[in-house]
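These are my notes from a first look through one structure. I wrote them down in the order in which I looked things up.

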Amino acid sequence: MNFDLTDEQKAIQSLARDFAQGEVRPRAEEMDREAAFPYDLVEKMARLGFMGLPFPEKYGGAGADTVSYALAVMELARVDASTAITMAAHVSLGATPFSLFGTEAQKQKYLVPLAQGKQLWGFGLTEPNAGSDAGNCQTKADLRDGKWIVNGTKAFITNSGTTISGGTTITAVTGKRADGKVEISNLIVPQDTPGFTRSKKYNKMGWRASDTRELAFVDAVLPQENVLGKRGDGLKQFLTTLEGGRISVAALSVGLSMGAYDEAISYAKERKAFGKPIGSFQAISFKLVDMLTEIEHAKLMVLKAAWEKDEGRDFNKSASFAKLYAAELSHRAVNAAVQIHGGYGFMDEYPVSRMYRDQKINEIGEGTNEIQRVVLSKMMGL
Ligand SMILES: Cc1cc2nc3c(=O)[nH]c(=O)nc-3n(C[C@H](O)[C@H](O)[C@H](O)COP(=O)(O)OP(=O)(O)OC[C@H]3O[C@@H](n4cnc5c(N)ncnc54)[C@H](O)[C@@H]3O)c2cc1C
């Protein structure tokens, strides 16, 4: 077994680390406080190729592999979860469906500007009454006179309402299948679609500098060709998209845990109590050892899932394991990091306080912990 990264993977990791530490870290606290979307950082990430990292160069991407993508997400999340999710949701939820299922014309029209980072794109699956149970989609699209008429609501959609958002791909019921079950298709909804509106940004506990909105469709009119790939493939397409998305959230969770560890170890070396650095007390040093042990474990799980994907193997189980373990690890890591900071950890000025708030969504987004366990139980034949 070879655990070495390739030169290209190392180069992308180091580029992401330099950008994150040099440009994102100094701004993270203010962006979180102001809930300010970082347009300039997105533009720089586009120039660095991050917004289209895993897509082929012929579609405007950087042609990198999933391992490199996961490493870049980790470095961003290590300093700021909001910037990391903006990039990761754009790549794995916004642009990936075009790359995997789009027709050639759809790839040219939508994927190219997305991979170049000229636009952001959302993925609208969740509804006010359908989250984990996403197949229970209530949004409907009726074909009338050669146009789709869409009605419904989507909830919590990332990257859907910035001034550079080009649109959102949504799931909608488009008819009935031969077996009587509902037919679900994915519809491409550009921002200027008549009848399509976005709410104000939600006021969130974490990921505050990322863009999350509710979407409303009231007799929204779409051309017939705005079905992504094949009509009726919506359910299959979004499940496949979420499989890859789990690698993203697992990488976000590992990155956040690494950031919590960075802050905690440097604080443990500086802060003195009873005349000694607190890191010299075993109660503190053991916490740090446990954090790093688990981070190493979770990182290997994420990279294994990413590697399997790159090799064209079935990575579904590894991605679910990695997402579940890394999300729960991030909970333990931020908790320990705040504890190591004592009262200062409760103060906004300390990054661990923001990390503590940013962490929770890792256990909810792209399949809650419970849903990961449901998925894994099924894979285990239970
Ligand atoms: C900041 C943010 C960004 C998001 N971005 C996007 C996005 O870009 N696109 C998008 O489509 N969605 C997005 N989401 C939605 C997210 O994916 C959902 O919130 C998540 O899937 C859970 O759905 P829900 O909130 O409806 O919870 P529910 O499904 O109502 O779940 C509530 C609770 O019940 C549990 N539960 C449900 N079913 C079962 C079961 N069968 N067995 C055991 N427990 C169960 C859940 O685990 C959870 O604990 C985002 C959410 C947030 C908060």
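What covers the buried residues of α9? I began with this, keeping in mind that the model is predicted.

**Entry: helix α9**

I found that the cover over the buried residues of α9 includes α1 (7-34), α3 (66-79), α4 (81-101), α6 and α8 (316-341). The buried residues of α9 themselves are V352, S353, R354, M355, D358 and Q359. I picked S353 for a separate look; S353 sits in α9, which spans residues 351-359. Its relative accessible area is 10%, so I put S353 down as buried, the cut-off being under 20%. With neighbours within four places in sequence set aside, S353 has contacts to G345, F346, M347 and D348.

**Entry: nonpolar cores**

I then looked up how the nonpolar residues group. The largest nonpolar core holds 91 residues, and M87, M291 and V302 have the most contacts inside it. Which helix gives the most to this core? I noted helix α6 (residues 234-270), with 15 residues. A second core, separate from that one, has 14 residues, among them A141, W148, L187 and F196. As background I wrote that nonpolar side chains tend to be buried together in soluble globular proteins.

I went back to V302 for its partners. Not counting residues up to four places away in sequence, V302 touches A70, M74, I247, A250, A251, V254 and A322.

**Entry: the ligand**

Which residues come nearest to the ligand? There are 18 residues around the ligand, and I listed T126, S132, F156, T368 and E370 as those that come nearest. I looked up three distances between N or O atoms. A nitrogen atom of the ligand is 2.7 Å from a polar side-chain atom of T126. For F123 the backbone takes part: one of its N or O atoms is 2.8 Å from a ligand nitrogen. T368 has a side-chain N or O atom 2.6 Å from an oxygen atom of the ligand. The ligand taken alone exposes 980 Å², of which the protein buries 63%.

**Entry: salt bridges**

I searched the whole structure and got 22 salt bridges. The background is that side chains of opposite charge can pair when their charged atoms come close.

The bridge between K154 and E127 has an N to O distance of 2.8 Å. K154 is in strand β3 and E127 in the loop between β1 (120-124) and β2, so this pair ties together parts 27 residues apart in sequence. Are K154 and E127 buried or exposed? I found both K154 and E127 buried.

R177 and D179 form another salt bridge, with the closest N and O atoms 2.7 Å apart. R177 has 37% relative accessibility, so I entered it as partly exposed.

The third one I looked up joins E308 and K304, at 3.3 Å from N to O. Both residues are in helix α7 (residues 282-310), 4 residues apart, or about one turn of the helix. In general, an α-helix has 3.6 residues a turn, so residues three or four places apart point the same way. E308 counts as buried because its relative accessibility is 10%, whereas K304, at 47%, counts as partly exposed. I also noted a network in which salt bridges with shared partners join R17, E75, R78 and D262.

**Entry: positive phi**

Next I looked up backbone angles. D145 is not a glycine, yet its phi is positive, about 50 degrees. I located D145 in the loop between β2 (140-144) and β3 (147-158). Its relative accessibility is 82%, so D145 counts as exposed.

W207 is another residue other than glycine with a positive phi, near 45 degrees. W207 is in the loop between β6 (196-198) and β7 (212-223). Is W207 buried or exposed? I entered W207 as buried because its relative accessible area is 11%.

**Entry: V112**

My last look was at V112, in helix α5 (residues 104-115). V112 has 16% relative accessibility and so counts as buried. Neighbours within four places in sequence aside, its contacts are Y59 and K107. How many residues apart in sequence are V112 and E311? I found 199, with the two C-alpha atoms 24 Å apart in space.

How values were computed. Residues are numbered from 1 along each chain as its sequence is written. This is a predicted model: local features need pLDDT of at least 70, side-chain atom pairs count only at pLDDT 80 or more; totals for chains, interfaces and linings use all residues. Side-chain values use heavy atoms; hydrogens and water are left out. Helices (H or I, at least four residues) and strands (E, at least two) are DSSP runs, numbered from the N terminus. Buried means under 20% relative accessible area, exposed over 50%, partly exposed in between (1.4 Å probe, protein chains only). A nonpolar core is a set of buried Ala, Val, Leu, Ile, Met, Phe, Trp, Tyr and Cys residues joined through side-chain atoms within 4.5 Å. Contact means heavy atoms within 4.5 Å. A residue is near a molecule or strand if one of its heavy atoms lies within 4 Å of it. A polar contact is a pair of N or O atoms within 3.5 Å; within protein, one must be able to donate a hydrogen and the other to accept it, and residues adjacent in sequence count only if both atoms are side-chain atoms. Accessible areas come from the Shrake-Rupley method with a 1.4 Å probe; for residues, only the protein chains shown count as cover. A salt bridge is a side-chain nitrogen of Lys or Arg within 4 Å of a carboxyl oxygen of Asp or Glu.
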